Amino acid sequence: ESVGAMAELPDMLDVVARARELDGFAGDHDAQLSLTLRANGAAWSVGYLQQIAGRHGFIPGVLPGRLVMPGAEDAAPPVLVLQFDQQVALADDPAAASVREVQLSLDVPQTPEAAEPFPAWHQAARLLAADMDAAMIDDSGRPITLHAFASIGNDLATLYTALASRDLAAGSPAASRLFS
């Protein structure tokens, strides 16, 4: 009153209802694609992993055992993450430590669809598997086929549409805040 202003306070029941609805939407639409690359033959050293991944655009991440494909902008989250056992990465002699599996993941809501993160994930998986003599498998240990990649791509297109319809397009500041 002393400055001649009035406060407009929203109805808290409406705000809480909206928050619940948004939380339900986020729970149903938060997607992280992940696959495992498992060595077909000899295990890999950390140096070998870094060398092969580096050829495909991965750089060491902040955390041990993580290699990241950086986003287009400096402050953007990584497009892809290649992760392996932290204990191996922190070994006294990394050349003697071995890795038999790495996980390649894509956090869908964090990267704009225009950056084509799904094709990048698919291509990185295929190229890394070929270069490292590895099998691409899912969480259940089943091989991932080209048909599976096509199905994932179709589901992902539906997810991108659903996110955009709620003004939460993948990679947008609102999506980054909601799905962080």
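**Core, helix α2 and salt bridges in a predicted model**

Q: Which residues of α2 are buried, and on how many sides of the helix do they lie in this predicted model?
A: The buried residues of α2 are Val46, Leu49, Ile52 and Ala53. An α-helix has 3.6 residues a turn, so residues three or four places apart point the same way. The buried set covers an arc of only 135 degrees around the axis, which means that Val46, Leu49, Ile52 and Ala53 lie on the same side of α2.

Q: What covers the buried residues of α2, and which residue just after α2 takes a positive phi?
A: The cover over the buried residues of α2 includes the strands β3, β4 and β5, together with the helices α3 (86-89) and α4. Just after α2 comes a residue whose phi is positive, at about 95 degrees, and that residue is Gly57.

Q: Which element gives the most residues to the largest nonpolar core?
A: The largest nonpolar core has 42 residues, and those with the most contacts inside it are Leu37, Phe58, Leu80, Leu82, Val102, Leu104 and Trp121. At least two residues of this core come from each of β1 (32-39), α2 (46-55), β3, β4, β5 (101-107), α4 (117-132), β6 (134-137) and α5 (146-165). The element that gives the most, with 7 residues, is α4.

Q: Which residues does Trp121 touch, leaving out those up to four places away in sequence?
A: Trp121 is among the residues with the most contacts inside the largest nonpolar core. Once residues up to four places away in sequence are left out, Trp121 touches Leu33, Ser34, Leu35, Leu80, Leu104, Ser105, Leu106, Phe149 and Ile152.

Q: Is Ser105 buried or exposed, and which side chain does its own side chain join in a polar contact?
A: Ser105 lies in strand β5, and because its relative accessible area is 10%, under the 20% limit, Ser105 counts as buried. Not counting residues up to four places away in sequence, Ser105 touches Gln32, Leu33, Ser34, Val79, Leu80, Val81 and Trp121. The polar contact, 3.5 Å in length, joins the side chain of Ser105 to that of Gln32.

Q: Where is Val79 found, and how far in space is it from Ala115, C-alpha to C-alpha?
A: Val79 is found in the loop between β3 (66-69) and β4 (80-83), and at 12% relative accessibility Val79 counts as buried. Beyond its neighbours within four places in sequence, Val79 is in contact with Met69, Pro70, Gly71, Ser105, Leu106, Thr111 and Pro117. Val79 and Ala115 are 36 residues apart in sequence, and their C-alpha to C-alpha distance in space is 8.6 Å.

Q: How many residues apart in sequence are the parts that the pair Arg38 and Glu101 ties together?
A: The side chains of Arg38 and Glu101 meet in a salt bridge, with 2.6 Å from N to O. Arg38 is partly exposed at 36% relative accessibility, and Glu101 is partly exposed as well, at 31%. Because Arg38 lies in strand β1 and Glu101 in strand β5, the pair ties together parts whose separation in sequence is 63 residues.

Q: Which residue forms a salt bridge with Arg142, and is that partner buried or exposed?
A: A search of the whole structure finds 2 salt bridges, and in the one formed by Arg142 the closest N and O atoms are 3.0 Å apart. Arg142 is exposed, with a relative accessible area of 51%. The partner of Arg142 is Asp138, and at 19% relative accessibility, under the 20% limit, Asp138 counts as buried.

Note on methods
Residues are numbered from 1 along each chain as its sequence is written. This is a predicted model: local features need pLDDT of at least 70, side-chain atom pairs count only at pLDDT 80 or more; totals for chains, interfaces and linings use all residues. Side-chain values use heavy atoms; hydrogens and water are left out. Helices (H or I, at least four residues) and strands (E, at least two) are DSSP runs, numbered from the N terminus. Buried means under 20% relative accessible area, exposed over 50%, partly exposed in between (1.4 Å probe, protein chains only). Contact means heavy atoms within 4.5 Å. A nonpolar core is a set of buried Ala, Val, Leu, Ile, Met, Phe, Trp, Tyr and Cys residues joined through side-chain atoms within 4.5 Å. The arc is that of the directions from the helix axis to the C-beta atoms. A polar contact is a pair of N or O atoms within 3.5 Å; within protein, one must be able to donate a hydrogen and the other to accept it, and residues adjacent in sequence count only if both atoms are side-chain atoms. A salt bridge is a side-chain nitrogen of Lys or Arg within 4 Å of a carboxyl oxygen of Asp or Glu.
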